[in-house]
Amino acid sequence: MTDQGYRTFLTTILITLLLISSRTSAADKNIEFQRDIAPILQKHCLGCHQDRIRQGGLALHSEVEMYKGGESGEIIDPGDPDSSYLMDLITPHDGAAEMPQDAAPLTEDEVQAFRLWIKQGAHWPDHLVLKPPVLWSLKSLQRPQVPAIAQPSSEFPIRNPIDAFVAARHQSAKVQPAPQASKQTLIRRLYLDLTGLLPSPEEVAVFVADEDPAAYEKLVDKLLASPHFGERWGRFWLDLARYADSDGYLGDSIRPHAWVYREWVIQAINDDLPFDQFSIEQLAGDLLEKPTDTQLIATGFHRNTLSNTEAGVDLELYRTKELVDRVNTTGMIWLGFTLGCAECHDHKHDPISQKEFYQFYSFFNNADDSSVKVSRDWDKAEYQSKQKLWQPAYDKVLDSLHEFEKPDLTAEQKAEITTILDKYRKSSDLKKITSYYQTKQPGWDKLYTQLEKLLKTRPSPPSIRAPTFKERTKDRRDTFVHVRGIYNQHGEQVNPGTPAVLPEFYSGEPLTNRLDLAHWLFQENNPLTPRVAVNRIWQHLFARGLVATPNDFGTKGEPPTHPLLLDWLAAEYKSQNWSRKAMIRLIVMSSTYRMSSAANSRQMAHDVNNQLLWRQNSYRVEAEIVRDIHLTASGLLDRTIGRRGIRPPLPAFVTDVGRSVKWPATEGSARYRRGMYIVFKRTVPYPMLMTFDAPDATVSCSRRERSNTPLQALTLLNGPMFFESAQALGKLMWEQHQDNLPAATEEMFLRCFSRPPAPREQEYLNAAYADLLYLAENNQPKTQPAEPAQLTAMIQLARIIMNLDEFITRD
């Protein structure tokens, strides 16, 4: 044997002896339940198998319950691990194990610990009852101490406590933050984030030239006070509220006055209605003492559910579906919990039982759809304007009726006819006149036809019935657990209640209605509501929340990247009287918000998702804002706030796909209103919005997806409204600058990007314009009057600029 072979032989012998030794020592190890087994049970098992939630009928929180086993029988055979069903469940096969469900299997050491414990008799200390671990989101909310940063980065000044928390993470991870963004980037970022619109070139110039240290702060305050702030942040809330203008399902009837709720949301946010009051009015405005019409309108939040109006449907089934949606939506928006997972059985992952789901359901089970009549000055003015245009033609036809009067009519008969005619000016009942004329006077039929046509075009007087939700005072419904989620298979009867894992109602009394529920959500010791709410505000300003799963703060959701910062913000939100504007102001004033979004500003390959917040995030703006910024840059935007929805033109092949899909295109400047006002018909949503990932409004949406598809580029290039915007911008630049191409391109860049073109970009633009001008001069159509070639080239240049990725990107 060679020396090398001899050394290999000895190495093999030593490894074998070590393995035998380790196995022998493991086999001889004395297993202590509280040290070796209890932590594994608490970490991996008690979430689903405990006193409150017993999946498969199995509980593992006490010795007695463990030995009872579950629906599949006993799971422990003391002294014989090979005969114990528990070992079959937790032992991985081909890298997977039956338990724990939907999670990584136990490690080899953990499985071995269970094997030895069973082999040694599966002893459980007397009277020991294990408690499941407290989920991070359910822990009591305490305001953390703000970290002291001894040597902050010169590029990352500590402007407020937010920066201190973020800087502490930077230093612990040895991360160098990105530099602060330029003033041009910051003004565009603020406008997009706070109003969803673009700053004008003049506003950019003033801000960039302003040397006042408070210039940024003044800009923030100006935008928070803008009436367009309510539109921007109202759209976020409408996503959560699953707002749409139609019922859904096959019938999908239009809800003519759903917009009143949207208008309420915009106004409430502009008024900075504290988030607790904002929520309470929506959840239970009808139960407030002497509720105002405005508070009743707020309950339209509940009326955004899908509603099946088809003939012959099971009304109780679909009423139940609406209630389930209200439970799911309320749980997701204010608690960040997926309550809907407990509709048919106990929640698989979170401490929510099926009984608790129906206790929550009970809050909504004794309220019905209602409405309240409201009026708007602009609606009255519109009616009076239309009536003024219509009335003369109608009066002319009525006056012609006198030609049919017989000369031998008595004064009494003439007076009667005059009385009828006077009444008819305010009535649509033709029979009152036809009884006198139709069979007696020649020519009446022609006049009668004219009257019918006019009456069909008669303006309708204002009548707005805002959808509301109203608690019934009699014929109260009982609530039962639905066995397996089947609405007509009743189980145990339940009363209104909240999940036991959360604090009880502060009064100590049982909760009885939605108003109690709303107050419970905002009571001092509820840790979820402020965490969930402030996380969403952060998400809208950074594209990603501190918790990346804003609708799931449960065991399957992502843990917070900055838990101390999240809790500090949640506590601060409450101390600021739930002021949305104060919280947004705090965040946007921070250095964290003001950082550059350039991913190449630092070499950070190990944090490509920016979880450490070492830079800002760059992302495409939402579908409605894509439309809004095109209209803003081109000067076409109609800035009217609120009111009824609009219907931009649609090709016939879109409206022909469904039955009764009527889409009368909006005329005039109103067609250029903001994207949030486009009528959203659930079965035929506006195609451009869906192309850019607008939610379908069937369920609450807490975070929009962002895709990147060729269809988006084609829509921006060929969509009628986008072409009109480029056409308007190009024409405006040609009229203002004529042959001064540098001035025209600079203004277009300032309008679109809030910055002038770089020298290299100007070279490309000059070359593109020369090519476009040549094509325009040599390809003018022969069949119509030619527009100036310079105008054609400028319009095409505007199309190029507005189709750059930077235009629809928020940096």
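**Buried charges, buried rings**

Let's start with one residue: Lys681 counts as buried, at 5% relative accessibility. The cut-off for buried is under 20%. Keep in mind that this is a predicted model.

How confident is the predictor? The protein has a mean pLDDT of 90, and 90% of its residues reach 70 or more. Residues 21–26 are a weak spot, with pLDDT below 50. Beyond near neighbours in sequence, that stretch has 1 contact in the model.

Back to Lys681. What does Lys681 pair with? Its partner in a salt bridge is Asp252, and the closest N and O atoms are 3.7 Å apart. Where do the two sit? Asp252 is in the loop between α10 and α11, while Lys681 is in the loop between α26 and α27. The two are 429 residues apart in sequence, so this salt bridge ties together distant stretches of the chain. And is Asp252 buried or exposed? Asp252 is buried, because its relative accessibility is 1% and the limit is 20%.

The general idea is simple. Side chains of opposite charge can pair when their charged atoms come close. This structure holds 44 salt bridges. Let me show two others.

Look at Glu217 and Arg585. Their side chains meet in a salt bridge, at 2.6 Å from N to O. Glu217 belongs to helix α9 and Arg585 to helix α23, so this pair joins parts 368 residues apart in sequence. Both are partly exposed: Glu217 has 31% relative accessibility, and Arg585 has a relative accessible area of 25%.

Now a local case. Lys68 and Glu65 form a salt bridge too, at 3.5 Å from N to O. How far apart are they in helix α3? They are 3 residues apart, so about one helical turn separates them. Is each one buried or exposed? Lys68 is exposed, at 53%. Glu65 is buried, at 13%. The pair also belongs to a network of salt bridges that links Asp51, Arg54, Glu65 and Lys68.

Next, helix α9 again, from the inside. Which of its residues are buried? They are Ala215, Tyr216, Leu219, Val220, Leu223 and Leu224. What covers them? The cover includes α7, α8, α10, α23 and α24. Note α23 in that list: it is the helix that holds Arg585, the partner of Glu217.

On to the nonpolar cores. In soluble globular proteins, nonpolar side chains tend to be buried together. Here the largest nonpolar core has 171 residues, and Trp237 and Leu569 have the most contacts inside it. Which helix gives the most to this core? That is α32, residues 789–802, with 9 residues. Apart from this core lies another one, of 27 residues, including Cys45, Met66, Met87 and Trp117.

What does Leu569 touch? Leaving out residues up to four places away in sequence, the list is Ile162, Val534, Trp538, Leu546, Met583 and Leu586.

Now the rings. A pair of aromatic rings is described by the distance of the centres and the angle of the planes. How many aromatic pairs are there? A search of the whole structure finds 31. One of them is Trp233 with Phe236, an edge-to-face pair at 5.0 Å centre to centre, with 85° between the planes. Both lie in helix α10, 3 residues apart, about one turn of the helix. Both are buried as well.

Then take Trp237 and Trp334. Their ring centres are 5.7 Å apart. Why is the pair called edge-to-face? Because the planes stand at 65°, and over 60 degrees counts as edge-to-face. This pair links distant parts of the chain: Trp237 is in helix α10, Trp334 is in helix α14, and their positions lie 97 residues apart in sequence. Both are buried. Both also belong to an aromatic cluster, whose other members include Tyr261, Phe301 and Trp578.

Last, charges over rings. The charged end of Arg458 sits over the ring of Tyr394, 5.1 Å from the ring centre. The charged end of Arg673 sits over the ring of Tyr677, at 4.1 Å from its centre.

To close, two things to find on screen. Find Asp252 with Lys681, joined by a salt bridge. Then find Trp237, one of the residues with the most contacts inside the largest core.

Technical notes. Residues numbered from 1 in each chain as written. Predicted model: local features only at pLDDT ≥ 70, side-chain atom pairs only at ≥ 80, totals over all residues. Heavy atoms only, no water. Core = buried A, V, L, I, M, F, W, Y, C linked by side-chain atoms within 4.5 Å. Buried < 20%, exposed > 50% of the residue type's maximum accessible area, 1.4 Å probe, protein only. Helix = DSSP H or I, 4+ residues; strand = E, 2+ residues; numbered from the N terminus. Contact = heavy atoms within 4.5 Å. Phe/Tyr/Trp six-rings, centres within 6.5 Å; stacked < 30°, edge-to-face > 60°. Lys NZ or Arg CZ within 6 Å of the ring centre and 35° of its normal. pLDDT = per-residue confidence, 0-100. Salt bridge = Lys/Arg side-chain N within 4 Å of Asp/Glu carboxyl O.
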